[in-house]
Amino acid sequence: MLLTTTENIPRKSYEIIGIAKGNMIQTKNIGRDISQAAKSIVGGELKNYVKMMNESRAIATQRMVEDAEAQGADAVVCMRYVTSMISAGAAEITVYGTAVRYI
């Protein structure tokens with residue numbers, strides 16, 4: 001399945017099916033949190049949090065692909081990611097786009 005942030009797919013004609021979406025809510029891990037708190041004191045990249053968010057983004061994207069496939073889509077255009085805080089220590093990653101079928 002083609003995923004793109006662009007509005008158009010070159011040399012392809014398609015019809016819009018609807019919105020495809022996926023999300024993931026991730027909470028902090030106490031082990032990661034302790035090591036990352038120590039890192040915050042000295043500064044630098046919080047690699048464990050980066051890894052956690054990358055994994056969450058991948059899961060949300062896979063869920064969007066599954067949603068698009070269930071609608072019979074061949075691609076998702078205008079794909080976007082949104083992150084929001086749900087509560088202290090919990091973040092949501094949402095990915096959405098327009099599911100399309102080639103004609």
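**Entry 1: M53**

I started at M53 and listed its contacts, setting aside neighbours within four places in sequence; T83 and I93 are the residues M53 touches. This is a predicted model, and I read every value below as computed from it. I then placed M53 on the fold: M53 sits in helix α2, which covers residues 47-70. I also checked M53 against M24. Their C-alpha atoms lie 9.8 Å apart, with the two positions 29 residues apart along the chain.

**Entry 2: the fold as a whole**

I wanted the element count next. The protein has 2 helices and 4 strands. In what pattern do they follow one another along the sequence? I read β-β-α-α-β-β.

I turned to contacts across the chain. Of the contacts with a separation of 6 or more, 73% join residues 24 or more positions apart. The M53 and M24 pair I had looked up is 29 residues apart.

I noted burial and surface together. Of the 103 residues, 28% are buried. The accessible surface of the protein is about 6,400 Å². Carbon and sulfur atoms hold 55% of that surface.

**Entry 3: a nonpolar patch**

Which residues form a nonpolar patch on the surface? I found I19, V82 and Y96. Together these three have about 280 Å² of accessible area.

I followed up V82. Strand β3, residues 75-87, contains V82. Is V82 buried, partly exposed or exposed? V82 has a relative accessible area of 38%, so I logged V82 as partly exposed. Patch members need over 30% relative accessible area, and V82 at 38% fits that.

**Entry 4: positive phi**

I looked for unusual backbone angles. Most residues other than glycine have a negative phi. Two residues caught my eye against that background.

R11 came up with a phi near 60°, a positive value in a residue other than glycine. I located R11 in the loop between β1 (2-3) and β2 (14-27). The relative accessible area of R11 is 82%, so R11 counts as exposed.

C78 has a positive phi too, near 55°, and again the residue is not glycine. Where does C78 lie? I traced C78 to strand β3. The relative accessible area of C78 is 24%, so I entered C78 as partly exposed. Buried would require under 20%.

**Entry 5: back to β3**

I closed on strand β3. I had placed V82 there, and C78 as well. V82 is partly exposed at 38%; C78 is partly exposed at 24%.

Key: Residues are numbered from 1 along each chain as its sequence is written. This is a predicted model: local features need pLDDT of at least 70, side-chain atom pairs count only at pLDDT 80 or more; totals for chains, interfaces and linings use all residues. Side-chain values use heavy atoms; hydrogens and water are left out. Patches are made of residues with over 30% relative accessible area and no salt bridge: like charges are joined within 9 Å, nonpolar side chains (Val, Leu, Ile, Met, Phe, Trp, Tyr) within 5 Å. Accessible areas come from the Shrake-Rupley method with a 1.4 Å probe; for residues, only the protein chains shown count as cover. A salt bridge is a side-chain nitrogen of Lys or Arg within 4 Å of a carboxyl oxygen of Asp or Glu. Buried means under 20% relative accessible area, exposed over 50%, partly exposed in between (1.4 Å probe, protein chains only). Contact means heavy atoms within 4.5 Å.
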